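Grab a coffee and work through these exercises with the model open beside you. Try each task before reading its solution.

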Amino acid sequence: MMKFVLLLGLFFVLGGLAVSSNPSPYYGVVGLVVASVAGCGWLVSLGASFVSLVLVMVYLGGMLVVFVYSVSLAADPYPEAWGDWGVVGYGLGMGLVVMVGIVLSGVLGVLVSVETVNNVGLAVVRLDFSGVAMFYSWGVGLFLIGGWGLLLTLFVVLELVRGLSRGAIRAV
């Protein structure tokens, strides 16, 4: 199990490097999917299976929408792949940053304790299931503000891509 969790951590870091190396949106979405699936698998290994399932649905659904909009707005005739020199340079630079962070955390002795969310004592319900109920009971104001912000964002994006003769993005 430890090797599997380390493999998920490696895929999470590689997915982040694939996104931060700044390829075209066609290739960057692959890094996003790899990083999100690895992160949610990591949550499953910690015992937060329900939260992991919700995050996979939200991440992949949101990334699909962002991918479609970015591909439609950035239609490159020659997209940059991971083998191009600019992308390789970004990837090596971000890999160097990750390695320096790993070395510094090992030198400084930063230890992180991880606890799982299994039920303890007389609790009948796991903590990740009760956390969802707390989202809806205590966080209703934040949900309303977040929903209003998403609706506003939708109208802004629709206004930007409305057409060639109307809207903010026009052919010159």
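**Exercise 1. Get the overall picture: which kinds of secondary structure are there, and how far can you trust the coordinates?**

Solution. Keep in mind that this is a predicted model. Start by counting elements: the protein has six helices and zero strands, so along the sequence the pattern reads α-α-α-α-α-α. Next, look at confidence. The mean pLDDT of the protein is 75, and 73% of the residues score at least 70. Now go element by element: helix H1 has the highest mean pLDDT, 86, while helix H5 (residues 127–138) has the lowest, 69. Where pLDDT is low, don't read the predicted coordinates in detail.

**Exercise 2. Check the length of helix H1, then find its buried residues.**

Solution. First, the ruler. H1 covers residues 2–20, which is 19 residues, and at 1.5 Å a residue the expected span is 27 Å. The end C-alpha atoms are 27 Å apart, so the two values agree. Second, the burial. Val-5, Leu-8, Gly-9, Gly-15, Leu-17 and Ala-18 are the buried residues of H1. When you look at how they are spaced, remember that an α-helix has 3.6 residues a turn, so residues three or four places apart point the same way. Third, the record: UniProt, in an unreviewed entry, places a "signal peptide" at residues 1–18. In the model that stretch is 94% helix and 0% strand, with its end C-alpha atoms 25 Å apart.

**Exercise 3. Do the same for helix H2: what span should it have, and which residues are buried?**

Solution. H2 has 22 residues, so it should span 32 Å; its end C-alpha atoms are 31 Å apart, which agrees. The buried residues in H2 are Gly-28, Val-29, Gly-31, Ala-35, Ser-36, Ala-38, Gly-39, Cys-40 and Gly-41. Just after H2 comes Gly-47, which has a positive phi near 105°.

**Exercise 4. Find the aromatic pair and describe its geometry.**

Solution. A search of the whole structure turns up one aromatic pair. Phe-12 and Trp-42 form it, with 6.4 Å centre to centre and 65° between the planes. An angle over 60 degrees counts as edge-to-face, so that is the label here. The partners come from distant parts of the chain: Phe-12 sits in helix H1 and Trp-42 in helix H2 (residues 25–46), 30 residues apart. Buried or exposed? Phe-12 has a relative accessible area of 39%, so this residue is partly exposed. Trp-42, at 35%, also counts as partly exposed.

**Exercise 5. Where does Ser-52 sit, and what does it touch?**

Solution. Place Ser-52 in helix H3 (residues 49–73). Its relative accessible area is 4%; the cut-off for buried is under 20%, so Ser-52 is buried. Leaving out residues up to four places away in sequence, Ser-52 touches Cys-40, Gly-41, Leu-43 and Val-44.

**Exercise 6. Compare the UniProt "transmembrane region" records with the model, then look at the surface.**

Solution. The unreviewed UniProt entry lists residues 28–46, 53–75, 87–114 and 135–158. Take two of these. Residues 28–46 are 100% helix and 0% strand, and the end C-alpha atoms lie 27 Å apart. Residues 135–158 are 96% helix and 0% strand, with end C-alpha atoms 30 Å apart. Now the surface: the protein exposes about 12600 Å², and carbon and sulfur atoms supply 78% of it. Of the 172 residues, 16% are buried. Finally, among contacts with a separation of 6 or more, 66% join residues 24 or more positions apart.

Notes:
Residues are numbered from 1 along each chain as its sequence is written. This is a predicted model: local features need pLDDT of at least 70, side-chain atom pairs count only at pLDDT 80 or more; totals for chains, interfaces and linings use all residues. Side-chain values use heavy atoms; hydrogens and water are left out. Helices (H or I, at least four residues) and strands (E, at least two) are DSSP runs, numbered from the N terminus. The expected span of a helix is 1.5 Å times one less than its number of residues. Buried means under 20% relative accessible area, exposed over 50%, partly exposed in between (1.4 Å probe, protein chains only). UniProt positions are given in the numbering used here, feature names are shortened, and annotations may be inferred rather than shown by experiment. Contact means heavy atoms within 4.5 Å. Accessible areas come from the Shrake-Rupley method with a 1.4 Å probe; for residues, only the protein chains shown count as cover. Rings of Phe, Tyr and Trp (its six-membered ring) pair if their centres lie within 6.5 Å; planes under 30 degrees apart count as stacked, over 60 as edge-to-face and the rest as tilted. pLDDT is the predictor's confidence in each residue, from 0 to 100.
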